[in-house]
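The following exercises concern the domain interface, the ligand surroundings and the backbone of one structure. Each task is followed by a worked solution.

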Amino acid sequence: MLAATGHAVPKRVFTNHDFASIGIETSDEWIRERTGIGQRYIAGEGENLTTLCTEAAKVAMQRAGVTASELDAIVLGTASPDRLLPSTAVEVQAALGASRAVAFDLDAACSGWLYSAQVAEGLMATGTFETILVIGGEVLSRIINWKDRNTCVLFGDGAGATVMKRSTRGRGILSAYMRSDGTLADLLHRPKGAGNAPVTPEIILEGSHYIQMAGREVFKNAVRSMADAADRALDGAKLSATDIDLLIPHQANIRIIEATAKHANIPMEKVFVNVDRYGNTSAASIPIALSEAHEKGLIKDGTTVMFVAFGAGFTWGSMVVRF
Ligand code: UT7
C-alpha cells in the first residue's frame with residue numbers, strides 16, 4: 001500500500017528562455033511544441049541527490065506518521081547517483097538516521113520508481129519487511145551535455161518519495177508489470193566514463209560521459225512500450241479503462257503521454273500532466289506527479305490509479321494501485 005508521498009525540487013527554475021543565456025540555439029516554441037516542456041528545476045550549490053531525496057522522504061514520512069527508526073528498507077530508483085560507490089540510498093539512510101533500514105539503489109532509468117515499488121512489494125511479501133521508503137530521484141543536470149540541444153532541453157532534477165506498507169485486502173497494488181530489452185541499450189546511454197571506459201581527458205573533451213539519445217527511435221519505442229504496459233496493467237488487474245480514475249504516466253513528452261492515454265482509452269481529463277513544469281525527471285517523474293496529485297486532492301480512499309513508465313535500457317512497466 002502506498003501510504004503517503006512527498007516531493008522536493010531544487011530552488012532554481014530554468015525556463016526555456018534561459019537556454020539563450022548559455023548559447024543554446026533553441027526556442028521556447030520548439031521545446032513546447034515537440035515536448036510540452038516550459039521549465040525545469042536545476043540543482044545548484046549545496047543541492048544534490050541525497051539532499052533532494054532526504055527532503056522528499058521527510059515530507060512523505062511525516063504525512064504517513066512514520067519515523068526513521070520504523071523504516072525496514074530504503075529503495076532508491078536513480079540513474080544519477082551522487083557517487084558511483086557507495087549507493088546514494090545509504091547516504092539518505094544516514095541523513096534520515098534510519099539505522100535499521102537496509103538501503104540500496106536500483107537503476108532502471110525512468111522506470112526506476114516503478115521498478116522500486118514492485119521490488120518493495122516483493123520484499124514485503126517475504127514477511128520480514130513492513131515499512132519501506134521507495135524513492136525516485138535524479139540530478140540529471142550533472143550528467144547531461146549542456147552543449148547538446150538534443151538532450152539538454154529535455155531533463156530536470158527532483159525527487160519523489162513514497163512510504164509503502166503491507167497492503168490490506170483489496171487495496172494496494174492490483175497489478176504489476178515490468179519488462180526490459182537490453183538489445184536497445186545504445187539508443188539512450190552514457191557511452192563512456194565508467195568501468196567499460198574509465199574517464200580520461202579525451203572522454204571529457206568529447207563529452208562521451210554524458211547522456212546521448214537517439215530521440216526519434218526512443219520516442220517510437222516509448223509509445224509502443226507504454227501502450228503495451230497500459231494493456232498489461234488493465235489485464236492484470238482485470239479492470240477496464242473506465243475503472244481507472246487517474247493515469248499517472250512517466251513525464252517525458254506530452255506527445256508520448258497523449259499517445260499512451262489514447263491507446264488506453266483514458267480521456268486526458270483523467271491524466272496527470274506536469275511535464276510542462278518539471279521536464280523529464282526520469283525516475284522522479286512518477287512519484288513527483290503522485291505527490292502533486294495527492295496534494296491536489298485527486299487521490300482519495302478507493303481511487304484507482306494506473307502508472308506507466310518507460311526509460312533507458314530499455315525498461316518499461318506498469319502498475320494499477322487502489323488507494
Ligand atoms: O524518458 C524516456 C526517454 N526519453 C524520451 O522518451 C524522449 C523521446 N524522444 C522525444 O521526446 C523526441 O524525439 C525529441 C523531443 C527528443 C525530439 O523531437 P522530434 O520531433 O523527434 O525531433 P527530431 O529529433 O526529429 O529533430 C527535429 C529537428 C532536427 O533538425 P533537422 O535535422 O530536422 O534539421 C534537430 O536538429 O529539430 C532539431 N532540434 C532542435 N531544434 C531546436 C533538436 N533539438 C532541438 C532543440 N531546439 N532543442
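A polar contact is a pair of N or O atoms within 3.5 Å. The model examined here is predicted.

**Exercise 1. Ligand surroundings**

Task: Determine how many residues surround the ligand, and identify side chains that place an N or O atom within 3.5 Å of a ligand oxygen.

Solution.
Step 1. The ligand is surrounded by 23 residues, and the closest are Thr26, Arg216, His250, Asn253 and Asn280.
Step 2. For asparagine 280, an N or O atom of the side chain is 2.7 Å from an oxygen atom of the ligand.
Step 3. For asparagine 253, the corresponding separation between a side-chain N or O atom and a ligand oxygen is 2.7 Å.
Step 4. The side chain of arginine 255 has an N or O atom 3.2 Å from an oxygen of the ligand.
Step 5. The cut-off is 3.5 Å; the distances to compare with it are 2.7 Å for asparagine 280, 2.7 Å for asparagine 253 and 3.2 Å for arginine 255.

**Exercise 2. The interface between the domains**

Task: Describe how domain 1 and domain 2 meet, beginning with their extents and ending with the make-up of the domain 1 side.

Solution.
Step 1. Domain 1 spans residues 2–168, and domain 2 spans 173–322.
Step 2. Their C-alpha centres are 14 Å apart.
Step 3. Contacts join 49 residues of domain 1 to 44 residues of domain 2.
Step 4. About 3,700 Å² is buried between the two domains, with 64% of this area coming from carbon and sulfur atoms.
Step 5. The polar contacts across this interface comprise 22 residue pairs, both residues being at pLDDT 80 or more.
Step 6. On the side of domain 1 that touches domain 2, the elements giving two or more residues include β1 (2–8), α4 (112–125), β6 (131–139) and β7 (157–165).
Step 7. The residues of that side divide into 19 nonpolar, 22 polar and eight charged.

**Exercise 3. Salt bridges**

Task: State how many salt bridges the whole structure contains, and locate the pair formed by glutamate 295 and arginine 63.

Solution.
Step 1. A search of the whole structure gives eleven salt bridges.
Step 2. Glutamate 295 belongs to helix α10 (residues 285–295) and arginine 63 to helix α2 (residues 49–64); the pair is 232 residues apart and links distant parts of the chain.
Step 3. The N to O distance between these side chains is 2.8 Å.
Step 4. Across the interface of domain 1 and domain 2, one salt bridge is found.
Step 5. As a general principle, side chains of opposite charge can pair when their charged atoms come close.

**Exercise 4. Backbone geometry**

Task: Place two cis peptide bonds and a positive phi angle within the loops of the chain.

Solution.
Step 1. The bond from leucine 85 to proline 86 is cis, with omega near -5°, and proline 86 sits in the loop between β4 (73–77) and α3 (88–96).
Step 2. From glycine 313 to phenylalanine 314 the peptide bond is also cis, with omega near -5°; phenylalanine 314 occupies the loop between β12 (304–311) and β13 (315–322).
Step 3. Lysine 238, although not a glycine, has a positive phi of about 55°; its loop runs between α7 (215–237) and β11 (246–249).

Note on methods
Residues are numbered from 1 along each chain as its sequence is written. This is a predicted model: local features need pLDDT of at least 70, side-chain atom pairs count only at pLDDT 80 or more; totals for chains, interfaces and linings use all residues. Side-chain values use heavy atoms; hydrogens and water are left out. Domain bounds come from an automatic or database domain assignment. Contact means heavy atoms within 4.5 Å. Buried area is the accessible area (1.4 Å probe) that two parts lose on being put together, summed over both. A salt bridge is a side-chain nitrogen of Lys or Arg within 4 Å of a carboxyl oxygen of Asp or Glu. A polar contact is a pair of N or O atoms within 3.5 Å; within protein, one must be able to donate a hydrogen and the other to accept it, and residues adjacent in sequence count only if both atoms are side-chain atoms. Helices (H or I, at least four residues) and strands (E, at least two) are DSSP runs, numbered from the N terminus. Ala, Val, Leu, Ile, Met, Phe, Trp, Tyr, Cys and Pro count as nonpolar, Asp, Glu, Lys and Arg as charged, and the others, Gly among them, as polar. A residue is near a molecule or strand if one of its heavy atoms lies within 4 Å of it.
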